[in-house]
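Hello,

Here is the structure I said I would pass on. My notes follow below it.

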Amino acid sequence: MAFLQLANIKKEYNISRTQTQQVLRNISVEFRQGELVALLGESGSGKSTLINILGGLDTNYTGSIILNGEFLKDFTEKQMDDYRKKRVGMIFQSYNLISNISVIENVKIAMKMSGVDDKLQTERALKLLKVVKMDHAAEKFPNQLSGGQKQRVAIARALANNPDIILADEPTGALDSQSAELVMLILKKIAQSGKLVIVVTHSQKVAESCSRVVSIADGIIAQDIRAGKIDARSRARRAARAGSISTKNIMALAWKNLWRSRQRSLLVSIAMSIGIAAVILILSVSAGITSYVNEVLISGDQSLWLEIENPDGTSFTSSEIKAIKKLDGVSDTSDAAVSKNNVNYTFENISGTLLTLTSAEGTLPAAVAGEQPSEGRIYINETLAEELSGGEDYRSAVIGQPIELSMGEGEGISLVVSGVYEDSSSYSAFACAYAERGVMEELYASIGRTLPSNRLIVVVESAQYLTAVSEDLQTLGYSVSGENSSLVDILTYVDLGTIVLTAVGAISLAVSAIMIFIVLYISVIERTKEIGVMRAIGGSKGNIRRIFLFEAAFLGAISGAIAVVVSLAVAVIVNACTASLGVNIVSYYYGVYYMAGLLLSVVLSVCAGVAPASYAASLDPVESLRRE
Ligand code: ADP
Ligand code: MG
């Protein structure tokens, strides 16, 4: 059985939609191991076409190729990848070295495709470079080499995975005669080691150094001449190797690619990081302001409340109050007139502001000293009593003493402290007091307002409910007012601002994704030839796709990392500048936003990379190799 058998190979190219050109009409020939075959033929006779078919780069032909009894046509795509990777090595007239990696890296890249471990790669690459007498130039770059030297590196690369077949398409076509001779000598040695070597050539001289000369003309084998005896040694035993390129190697290749265009990669990453940082900051600021509102404006001890009234001025009926108490987030209601409108007090030389002044109606808290208020008197809590007494026993220092209350610019009212009560309310840490409704009416009158007698105080469980409760109450037809309602406005603005800014962030993210898409797409176009080379030395479509996807992922990770650092820096600076507020306006608490930003960045750029990566994977290897 022949080692490699070609039977009735036909190949035609579509020139236009209606026209085809039959290049190979009927190629039938057999090759053995250890042969050094010269493939001759005029320019355009189909030599390269045949080599590409044999190399597994072109599968669009009819007829059979049988390798060791196996039909190539029966191979799955994965087996075909394996075939190109391990069983054939290809050498081209134009060398097709990857120009911005070193000589040794060029040889190693073929082994990377087969998942050879890293140490072994270097060892074996050096050995092969020695075979082609290029070990002295391992660290050089392709553009520092002569044509002959480049071709010898290409041969070393073709041998990297110890293939059984070497296909060389005019390897000496661009070389001077001395370099050509050396290359042929090396190929001869390779054949002698038991491999099948097929060399396409124009040169009679090159053909003469071969053990067999096969000529193509008019799409068929026109001549097949054997010279002398072939020294077919037993096939070198193939070392057991790992099946496919490891993820680690794919990542290494992707990283190397990014590094090669590191300026561009960095610029794209920075541009993308702006969008990501914006999103992180928007979320953190929104969280920070909400917590500022919650923790500082609505100081922990105070309850949240809304003041409502009936638009027609009537009082609340008990059934109305019941319905309001049932609302989600409402913890209590009270129908006393409570003023939170900055009632100021002056006592001797101490002055301050009451947190609440409540009309003395119904049951008041029990007195710890003195008595409950009557006309012209005020009933104060212990906190206020202690403040007014200046550390002395307030029983004697405060009770019965005069105190003046005033509102805003209004005229003051003189009162006498009637007693001190034990304050068990949530306001107990603040200055609070009760006075007769008449006193409160007078205070309101002093600033030209009437005491809101028909008002209901609705106490809300927590800040989150403020907006919802306020809306519910308005739906029920009440008008909502009171100091606390401005917090509702703040929270609404924060929510609104978050939505608007998030939209802006989303747009900048979309722009970043498009940018990543373009950059990867350009990169595919720039590297078309390289992709062809990778395919020729055994890279599968999946390998190519994964390399580009990893590049996208790395770009995303870098921009995510930049975004995290930038937004942390902005957070630290903004928080330092607003330290007087006592709360971090840019919340650090939500580390999850940073994680999310990083993840978003990676996911987004991988998504943007899918199309360019698929495009790269779908490139036709033969076409790609032809690209200059
Ligand atoms: P050789 O290597 O012997 O010079 P080729 O195999 O490159 O010849 O080409 C054989 C013929 O096929 C030529 O006429 C060439 O123009 C044609 N050909 C090669 N590749 C293509 C292609 N991709 N599309 C159309 N025609 C092609
Ligand atoms: Mg050719």
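How many residues of the shell around ligand 1 are nonpolar, polar and charged? The shell holds two nonpolar, seven polar and four charged residues. Here Ala, Val, Leu, Ile, Met, Phe, Trp, Tyr, Cys and Pro count as nonpolar, Asp, Glu, Lys and Arg as charged, and the others, Gly among them, as polar.

This is a predicted model, in which local features need pLDDT of at least 70 and side-chain atom pairs count only at pLDDT 80 or more, while totals for chains, interfaces and linings use all residues. Residues are numbered from 1 along each chain as its sequence is written, chains are lettered from A and ligands numbered from 1 in the order in which they are written, and side-chain values use heavy atoms, without hydrogens and water.

The ligand: 13 residues surround ligand 1 (a heavy atom within 4 Å of it), and Gly44, Lys47, Ser48, Thr49 and Arg626 come nearest. At least two shell residues come from each of β2 (20-31), α1 (47-54) and α19 (621-626); helices (H or I, at least four residues) and strands (E, at least two) are DSSP runs, numbered from the N terminus. The most come from α1, with three.

An oxygen atom of ligand 1 is 2.7 Å from an N or O atom in the side chain of serine 48. A nitrogen atom of ligand 1 is 3.3 Å from an N or O atom in the side chain of glutamate 623. Taken alone, ligand 1 exposes 560 Å² (Shrake-Rupley method, 1.4 Å probe), and the protein buries 72% of that.

Regards

Conventions:
Polar contact = N/O pair within 3.5 Å; in protein donor to acceptor, adjacent residues only side chain to side chain.
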